[in-house]
Amino acid sequence: MSIIWFRKGLRLHDNPSFLHAIEPTTSTISPSVYPIFILDDHFIRPEYVSTNRMGFLIESLLDLDSQLRELGSRLIVLRGNPITVLPVKFQEWKISHLSFESDTEPYAIPRDASVLKIAEEHKVEVKTHPTHPLYDILSFVQRNGAKGFSPYSTFLASMGSRFGKPAKPVPSVSEFMLSKSMKVLPIDRELVKDDEWLVPSLVDLGYDSNLHTTKFPGGEREALKRLENFCKDTKRVSQFAKPETNPSHFIEPATTVLSPYLKFGCISCRTFYHKILPFYESDTLSTRPPVSLIGQLFWREFFYTCGYATPNFSKIEGNPISRRIDWDD
C-alpha cells in the first residue's frame, strides 16, 4: 500500500514520485495507491495567505482531483499537521511506502525530517524526488559549498559545468499506466468513499469567496494550455527579453504568466525548459540568460539555492548576506 503525498508538484506529468508510488519496486504494482494532499493549518490563514493565492490552490486541487477520477482514483484532502496526520493513515491504510517531492524551504526541512523519522518508526519506506527545481539543489550545494554559487553568473557557470542540461521529464501517469497495461489506478474504495475528504471551498477554509478575483485559474491543464499557446509564436519565445516586458499588460500578458503554476508545481519546470529549448537552439538571434525565458528559469533556480544555502535567508538577523540599513537616517 502506497501514499503519494502531494505538496507542490500538483500534476500528473513529470511526477516521478507518483510513478514510484504506483510501482514501489521494479516489478510490483502497489495494491492500492492513496493520493493525498494535507491542508496544513500553518498556512490556512487569510491574514497570511491571500484569497487569490488560496483560490488558486483550491482550483489546482480540483483540477488534480478531476484528472485522478478520470483514471479511476481521486484526491484525498486531509487537514492538520502532517506530522500528526500521516502516522494515523500509515496505520489505518496499512501503508508500506510513502513517496513525495522533496522541498528545500525553511518550514519544510524540519517537517520532512520529522516525517522521515515517523515513517521509519512505522516501517514505511520513503522515496523523495527533487523535482520542484531543475536540479538537485542539495547535491549542488554539497558539491559547491554554501558560498560557491553567487553571483548569478557564477551560478550559471557552475550549474552548466557540474550538471549539464536539466534531466528530461519522465512519462506522465497515464503514459506510465498505458505502458503497464493498467486500466485504472488502484485504490481501496472501502476505505476511501467518494463523499469524504473532498477538496474544500474557500468558505470552508474561512475565506470570503467574493474577494477571489483572477483571470488565471489554477491547475495543471490550464498551465499546459498556457505553455502551448505561448509557444505558438516561436519568435516570441526565442527572443523573449524580460526587461522589455510590461507587467501592466493584462489583456494580452507580456509574459507566460506561468509563475504561479510553477510555484504550485502545476507545470514541471523540466517540462517548461525542454519545451522552449529547441526554439533557442534553432534561432541565431535568440536571447540569452539572464533576460531570456531560460534565464528566468535559472533565476528561479538561483534563488531557491540561495534560500537553502543561506542561514536565515528570510530574515535580517543571522543572515550573512543581508545588509542592515538604518532607515531613520
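Strand 1 gives the most to the lining of the second largest cavity, with 3 residues. That cavity belongs to a predicted model, in which the secondary structure comes to 12 helices and 5 strands. The points below start with the cavities, move on to the pockets, and then turn to a helix pair, two backbone features and the overall dimensions.

**Cavities**

- The count of cavities of 30 Å³ or more comes to 2.
- The second largest cavity holds about 50 Å³ of space.
- From the early part of the chain, its lining includes Ile4, Trp5, Phe6, Arg7, Lys8, Gly9, Asn15 and Ser17. Phe100, Glu101 and Thr131 also line this cavity.
- At least two lining residues of the second largest cavity come from strand 1, and at least two from strand 4 (97-101).
- By class, the lining of the second largest cavity has 4 nonpolar, 4 polar and 3 charged residues.
- The largest cavity holds about 80 Å³ of space. It is lined by 13 residues, and those closest to its centre are Ser102, Asp103, Thr104, His132 and Pro133.
- The lining of the largest cavity divides into 6 nonpolar, 3 polar and 4 charged residues.

**Largest pocket**

- The largest pocket has a volume of about 660 Å³. Of its 25 lining residues, Lys8, Phe43, Arg53, Glu105 and Lys263 are the closest to the centre.
- Four elements give two or more residues each to this lining: strand 1 (2-6), strand 2 (33-39), helix 2 (51-70) and helix 4 (108-121).
- Which classes of residue make up the lining of the largest pocket? There are 16 nonpolar, 1 polar and 8 charged residues.
- Lys8 appears in two places: it is among the residues closest to the centre of the largest pocket, and it also lines the second largest cavity.

**Second largest pocket**

- About 370 Å³ of space lies in the second largest pocket. Its lining has 16 residues, and Thr256, Leu258, Ser259, Leu262 and Gln296 lie nearest its centre.
- Helix 10 (259-263) and helix 12 are the elements that give two or more residues to this lining.
- Helix 12 supplies the largest share of the lining of the second largest pocket, 5 residues.
- The lining of the second largest pocket is made up of 8 nonpolar, 4 polar and 4 charged residues.

**Helix 6 against helix 12**

- Helix 12 (residues 293-309) also packs with helix 6 (residues 152-163), at an angle of about 100 degrees and with the axes 10 Å apart.
- How do these two helices lie relative to each other, roughly parallel or roughly perpendicular? Angles of 65 to 115 degrees count as roughly perpendicular, so helix 6 and helix 12 are roughly perpendicular to each other.
- On the helix 6 side, the residues in contact are Tyr152, Phe155, Leu156 and Met159. On the helix 12 side, they are Gly295, Phe298, Trp299, Glu301, Phe302 and Thr305.
- By class, the contact has 7 nonpolar, 2 polar and 1 charged residues.

**Backbone features**

- The peptide bond from Pro289 to Pro290 is cis, with omega near 10 degrees. Pro290 is in the loop between helix 11 (269-281) and helix 12.
- Lys123 has phi near 60 degrees, a positive value in a residue other than glycine. This lysine is in the loop between helix 4 and strand 5 (125-129).

**Overall dimensions**

- Along its principal axes, the C-alpha trace of the protein spans about 60 × 50 × 45 Å.
- Why does the radius of gyration agree with that of a compact globule? A compact globule of 329 residues would have a radius of gyration near 20 Å, and the protein has 21 Å, which agrees.

Terms used:
Residues are numbered from 1 along each chain as its sequence is written. This is a predicted model: local features need pLDDT of at least 70, side-chain atom pairs count only at pLDDT 80 or more; totals for chains, interfaces and linings use all residues. Side-chain values use heavy atoms; hydrogens and water are left out. Axes are lines fitted to C-alpha atoms, for helices over the stretch in contact, and angles run from 0 to 180 degrees between N-to-C directions. Angles under 35 degrees count as roughly parallel, over 145 as roughly antiparallel, 65 to 115 as roughly perpendicular and the rest as oblique. Contact means heavy atoms within 4.5 Å. Ala, Val, Leu, Ile, Met, Phe, Trp, Tyr, Cys and Pro count as nonpolar, Asp, Glu, Lys and Arg as charged, and the others, Gly among them, as polar. On a 1 Å grid over the protein atoms alone, a cavity is a set of points where a 1.4 Å probe fits but cannot get out, and a pocket is an open set with protein on both sides within 12 Å along at least five of seven lines; lining residues have an atom within 4 Å of a point. Grid points are joined across faces, edges and corners, and a volume is the space filled by probe spheres set on the points. The radius of gyration is taken over C-alpha atoms; the globule rule is 2.2 Å times the number of residues to the power 0.38.
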